[in-house]
Amino acid sequence: MIRNIIFDFGNVLARFEPREMAAMFVSDPQDIELLTETVFDRLYWNEADAGTITDEETKTAFCARLPERLHDVACDIYDAWPTLLPPVEGMTALVQELKAQGYPLYLLSNISNKFADEYRDIPSLAQLFSLFDGLVFSAPIGLVKPHCEIFEHLLTRFSLNAEECVFIDDSQNNIDGCEAVGIHGILFDGDAAALRKTLKERGVL
């Protein structure tokens, strides 16, 4: 029986669209493309998610690849990104419904120390995350999905039984990781109505 619901964050609860974020700061199509590819390069973001690179080191690294005229705006984009994440349609309502029905809710996200340090100062995120019984962000603990260790960390930290948990994520690799430790997985494709149907089929809702 499913007793605990675990959510990923990016592109599950909130849309993470680097090109859209860059376009909020510049209008030239070539600049948008360059800033998107450089500021949001997984070369840096993977390290940030693992907690092995600081914000300042990230900025220094991507500025070294950009023309000087774009240095300030690139840093502005990086500083602002946690505030630029619109909700995935229908997902906040689903979280609220699950909470109202008494399900313990948990968040498990590959995400930077910057986000972990700043989300409380962003009213929309602070309100959303207040619905959760536990939050696990990768960078502060130095563990990342899809490795089994981060799922085991969550289970141990909150005294959960894997077979009583379901994890919702938009990456098949992460679903494979959770299932390797016995957590049920649901691959999310952006459709909240379809997710609701799947949860009902599994005895939730």
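In this predicted model, helix 6 passes helix 12 in a right-handed crossing. Helix 6 covers residues 91–100 and helix 12 covers residues 192–201, and their axes come within 9 Å and cross at roughly 25°. Because angles under 35 degrees count as roughly parallel, helix 6 is described as roughly parallel to helix 12. On the helix 6 side, the residues that meet helix 12 are Met-91, Leu-94, Glu-97 and Leu-98, and their counterparts in helix 12 are Ala-192, Leu-195, Arg-196 and Leu-199. By residue class, the contact of helix 6 with helix 12 divides into 6 nonpolar and 2 charged residues, with no polar ones.

Beyond the end of helix 12, the backbone offers a detail worth a look. Leu-205 lies in the segment after helix 12, and its phi is positive, at about 75°, although the residue is not a glycine. With a relative accessible area of 27%, Leu-205 is partly exposed.

A second helix pair is formed by helix 4 (residues 55–63) and helix 5, whose axes come within 10 Å and cross at roughly 140°. This crossing, too, is right-handed: helix 4 and helix 5 are so related. Helix 4 contributes Asp-55, Thr-58, Lys-59, Phe-62 and Cys-63 to the contact, while helix 5 contributes His-71, Ala-74, Cys-75, Tyr-78 and Asp-79. Sorted by class, the residues of the contact of helix 4 with helix 5 comprise 5 nonpolar, 2 polar and 3 charged.

Two cysteines take part in this contact, one from each helix. Cys-63 is found in helix 4, and Cys-75 is found in helix 5, which spans residues 71–80. Are these cysteines buried or exposed? Cys-63 has a relative accessible area of 11% and is buried; Cys-75, at 18% relative accessibility, counts as buried as well, because the cut-off for that class is under 20%. When residues up to four places away in sequence are not counted, Cys-75 touches Lys-59, Phe-62 and Cys-63. With neighbours within four places in sequence likewise left aside, Cys-63 is in contact with His-71 and Cys-75.

How many disulfides does a search of the whole structure find? The search returns 0. For Cys-75, which is in no disulfide, the nearest cysteine sulfur is that of Cys-63, 3.8 Å away. A disulfide requires a pair of cysteine sulfur atoms within 2.5 Å, so the pair formed by Cys-75 and Cys-63 does not qualify. Cys-165 is in no disulfide either, and the nearest cysteine sulfur, belonging to Cys-178, is 9.6 Å away. The relative accessible area of Cys-165 is 0%, and this residue is buried.

Two C-alpha separations help to place the cysteines of helix 4 and helix 5 within the fold. Cys-63 and Thr-52 are 11 residues apart along the chain, and their C-alpha atoms are separated by 18 Å. Cys-75 and Leu-187 are 112 residues apart in sequence, with a C-alpha to C-alpha distance of 33 Å.

Attention can now turn to strand 2 and its surroundings. Strand 2 covers residues 105–109 and includes Ser-109. Ser-109 counts as buried, at 1% relative accessibility. With its neighbours within four places in sequence left aside, Ser-109 is in contact with Asp-8, Phe-9, Val-136, Phe-137, Ser-138 and Lys-145.

One of these partners, Lys-145, leads to a cis peptide bond: the bond from Lys-145 to Pro-146 is cis, with omega near 10°. Pro-146 is placed in the loop between helix 9 (138–141) and helix 10 (148–157).

A further backbone feature appears in the loop between strand 1 (4–7) and helix 1 (18–23), where Asn-11 is located. Asn-11 is a residue other than glycine with a positive phi, near 65°. Its relative accessible area is 28%, and Asn-11 is therefore partly exposed.

Notes
Residues are numbered from 1 along each chain as its sequence is written. This is a predicted model: local features need pLDDT of at least 70, side-chain atom pairs count only at pLDDT 80 or more; totals for chains, interfaces and linings use all residues. Side-chain values use heavy atoms; hydrogens and water are left out. Axes are lines fitted to C-alpha atoms, for helices over the stretch in contact, and angles run from 0 to 180 degrees between N-to-C directions. Helices (H or I, at least four residues) and strands (E, at least two) are DSSP runs, numbered from the N terminus. Angles under 35 degrees count as roughly parallel, over 145 as roughly antiparallel, 65 to 115 as roughly perpendicular and the rest as oblique. A crossing is left-handed if the near helix is turned anticlockwise from the far one by less than a right angle, and right-handed if clockwise. Contact means heavy atoms within 4.5 Å. Ala, Val, Leu, Ile, Met, Phe, Trp, Tyr, Cys and Pro count as nonpolar, Asp, Glu, Lys and Arg as charged, and the others, Gly among them, as polar. Buried means under 20% relative accessible area, exposed over 50%, partly exposed in between (1.4 Å probe, protein chains only).
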